[in-house]
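Open the structure in your viewer and keep the sequence panel visible. The tour goes from one selection to the next and says what is found at each stop.

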Amino acid sequence: MPTMLPIVKPAAVSLADVLPDSIAALSGGRGRLGLPRSRSAVVVVVDGLGSHALAARAGHARRLVAARSRSLDSVVPSTTAAALTTILTGVWPGEHGLVGYSAIDRANDRVVKQLSGWDERMAPETWQRSSTAFERTDPATASIVAVGPKIFAGSGFSRAILRGAPYRGEDDLASRMRVAAERSVAERTLTYVYIPELDKAGHAEGVESPQWTSVLEAIDSALGVLESSVARGTGIIVTADHGMVDIRHDAHVLFSDHLDLMTGIRHVAGEPRFLHLGLDPDVDPGSVASAWEERFGDSAWVTTRTAAITAGWFGAEVAPDVLDRIGDVLVAPRKRIAFYDDRFGDDPGRGMVGQHGSITPEERSVPIIRMGAWRT
């Protein structure tokens, strides 16, 4: 019997509210998060900081744990391309169009990576179809700067999601905090700070590893310095795009062991924890979904695109030009497995320990931590 699909209901407060509400607070707007008015603001996104992992390492992040916080559900799929774009645009993947780590580009009969695969056939300025919160902000309301590692300056993904904000490259975590503190001296400034180091450690070593914990400690310390350094009246909010789970190497599901299921599948997109399967035109999605459900239904949610959209997976609205980017059949593990297409050689991604993308609480639940003037 098919497994009941998780229904993703619109929440009263969502990850999409974080940046718009932070900007609104500079003018006294309370927004859904109820942030009090502040003279300046800092929004920090710690890539990969899930609520469950933070709670499990509470003794290593005392400053973050002591601050006023709550948990929210990230988007579906729970991955950087989709979730970070939601934070920066204020809309869900069905509207902004970045529906996974990789997506199906049917017009060009290919699969494209959303973080690094940009080219003339996938222009960042139009493929990401929503205005950013930065673009919608009157300069008189807030002076905005985005701060992150230098390598991301001018990248296709940055052009897609950071439109409207000058980018300042700072490779050192302490330097990013220093820039945010210095900018807080002026009123009506908002500094967006991106921290990818924790996610990187999780992928390489696992979220349960000493290395991940060590990076968490460094981030906790840096945020403590930031809070003590910003100008009085500065609000700070810390959140994340997704959580993470560790997957054993022997829990990898290899396509080469299930070739009978690959008939009629033209494109494999998404990521190991959230597959988008694009089918040949004459193939029935229901039949493919049934075959995958019979094989993997005890460890994954398997559904058609139509059913997933009805269940709200990609948000309340899915734009017509986003539909084709979504797989005809979707596979989201609910147990600790990961799917790899090894038919054309071993996938180097199999070296990852920490993974994310699915709908489990460990992957979707993220903290919203209020510090500075927003602490109380």
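Two strands pair if DSSP finds at least two bridges between them. Keep this in mind at the first stop, and note that the model is predicted.

**Stop 1: strand β5**

Select residues 143–148, which form β5. Of the 6 residues in this strand, 5 are buried. Now add β7, residues 189–195. β5 and β7 run parallel and are joined by 5 bridges. To find one place where they meet, pick Val 147, which stands opposite Val 193 in β7. Next add β6, residues 167–169. β6 also runs parallel to β5, with 3 bridges joining the two. Here the pair to click on is Ala 146 and its bridge partner in β6, Tyr 167.

**Stop 2: helix α8**

Select residues 173–183, which is helix α8. Is this helix mostly covered or mostly uncovered? It is mostly covered, with 8 of its 11 residues buried. Among the buried ones are Leu 173, Met 177, Val 179 and Ala 180, and also Arg 176 and Arg 183. The strands from the previous stop come back here: the buried residues of α8 pack against β5, β6 and β7, as well as β1, α9 and α10. Then go to Asp 172, which caps the N-terminal end of α8. One of its side-chain oxygens lies 3.0 Å from the backbone nitrogen of Ala 174.

**Stop 3: helices α9 and α10**

Select 197–205 for α9 and 210–229 for α10. These helices pack at an angle of about 170 degrees, and their axes are 8 Å apart. Angles over 145 degrees count as roughly antiparallel, and α9 and α10 are therefore roughly antiparallel to each other. On the α9 side, the contact is made by Glu 197, Leu 198, Ala 201, Gly 202 and Glu 205. On the α10 side, show Gln 211, Trp 212, Val 215, Leu 216 and Ile 219.

**Stop 4: the nonpolar cores**

Which residues have the most contacts inside the largest nonpolar core? They are Tyr 192, Leu 226 and Trp 313, in a core of 92 residues. Centre the view on Trp 313. Leaving aside neighbours within four places in sequence, its contacts include Leu 5, Pro 6, Trp 92, Phe 274, Trp 301 and Ile 359. Apart from this core lies another, of 18 residues, among them Leu 261, Leu 275, Val 288 and Val 331.

**Stop 5: an open sheet and its helix**

Show the open sheet of 4 strands, ordered β11-β12-β14-β13 and paired in the antiparallel sense. β11 (265–271) and β13 (300–304) are at the edges, each with a single partner strand, so one side of each has no neighbour in the sheet. Direction ignored, neighbouring strands are turned by 15 degrees against each other on average. Zoom in on β13 and β14 (residues 329–333), which pair over 5 bridges. Thr 304 has Val 329 in β14 as its bridge partner. Now select residues 285–296, helix α11, which lies across β11, β12, β13 and β14. α11 runs at about 170 degrees to β13.

**Stop 6: strand β17**

Finish with residues 365–372, strand β17, where 7 of the 8 residues are buried. β17 pairs with β2 (residues 68–73) in the antiparallel sense over 6 bridges; Arg 70 has Ile 368 of β17 as its bridge partner. β17 also pairs with β8 (residues 234–239), again in the antiparallel sense, over 4 bridges. In that pairing, look for Ile 236, which stands opposite Met 371 in β17.

Definitions and conventions. Residues numbered from 1 in each chain as written. Predicted model: local features only at pLDDT ≥ 70, side-chain atom pairs only at ≥ 80, totals over all residues. Heavy atoms only, no water. Buried < 20%, exposed > 50% of the residue type's maximum accessible area, 1.4 Å probe, protein only. Contact = heavy atoms within 4.5 Å. Polar contact = N/O pair within 3.5 Å; in protein donor to acceptor, adjacent residues only side chain to side chain. Core = buried A, V, L, I, M, F, W, Y, C linked by side-chain atoms within 4.5 Å. Axes fitted to C-alpha atoms, helices over the stretch in contact; angles between N-to-C directions. Parallel < 35°, antiparallel > 145°, perpendicular 65-115°, else oblique.
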